[in-house]
Amino acid sequence: QVQLVESGGGLVQAGGSLRLSCAASGRTFNTYAMGWFRQAPRKEREFVATISYSGGTTYYADSVKGRFTISRDNAKNTVYLQMNSLKPEDTAVYYCAAGRISQTQDAYNYWGQGTQVTVSS
């Protein structure tokens, strides 16, 4: 069992930056790939980024490539999402998830409760 708690969301102006964190409980964190997904109002939840259990492989959605960076610290059981050059269309609830490295949601077994990111224009 893995419990995930996101933090770091908030309100930021367009062009600004935020860093999201996701703290995981349990001793098996370093055996899971970690992903970030987001859900905007009235839209389906969508893939943002994922990182392998070792941190050696990452994938990004085209919409965030070059602006967002996913990383992890296995010693701290934490995964991060550094978000730069934020746009109003990045406004969403951001979720972290643990599972297999994939861009599809059904590859992930464990989900956090989400953290709100709001980007004002």
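Begin by selecting Arg-42, which is placed in the loop between β4 and β5, where strands are DSSP runs of E with at least two residues, helices are runs of H or I with at least four residues, and both are numbered from the N terminus. Before going further, keep in mind that this is a predicted model, in which local features need pLDDT of at least 70, side-chain atom pairs count only at pLDDT 80 or more, and totals for chains, interfaces and linings use all residues. Residues are numbered from 1 along each chain as its sequence is written, and side-chain values use heavy atoms, with hydrogens and water left out.

Stay with Arg-42 for a moment, since its phi is near 65°, a positive value in a residue other than glycine. Most residues other than glycine have a negative phi. Arg-42 counts as exposed, at 84% relative accessibility; buried means under 20% relative accessible area, exposed over 50%, and partly exposed in between, with a 1.4 Å probe and protein chains only.

Next, select Ser-85, in the loop between β8 (78–83) and β9 (92–99). Ser-85 also has a positive phi, of about 50°, although it is not a glycine, and its relative accessible area of 40% makes it partly exposed.

Now turn to the aromatic rings. The structure holds five aromatic pairs, where rings of Phe, Tyr and Trp (its six-membered ring) pair if their centres lie within 6.5 Å, and planes under 30 degrees apart count as stacked, over 60 as edge-to-face and the rest as tilted. Select Phe-37 and Phe-47, which form an edge-to-face pair with 5.8 Å from centre to centre and 70° between the planes. Because Phe-37 lies in strand β4 (residues 33–39) and Phe-47 in strand β5 (residues 46–51), this pair ties together parts that are 10 residues apart in sequence. Phe-37 is buried, with a relative accessible area of 0%, and Phe-47 is buried as well, at 10%.

Keep Phe-37 selected and add Tyr-108: their ring centres are 5.3 Å apart and their planes are at 80°, so this pair is edge-to-face. It links distant parts of the chain, with Phe-37 in strand β4 and Tyr-108 in strand β10 (residues 108–111), 71 residues apart. Adding Trp-111 completes the view, for Phe-37, Phe-47, Tyr-108 and Trp-111 form one aromatic cluster.

Finally, select Arg-45 and ask which ring lies 3.9 Å from it, centre to atom, under the rule that a charge sits over a ring if NZ of Lys or CZ of Arg is within 6 Å of the ring centre and within 35 degrees of the ring normal. Arg-45 lies over the face of Trp-111 at that distance, and its charged end also sits over the ring of Tyr-95, 4.9 Å from the centre.
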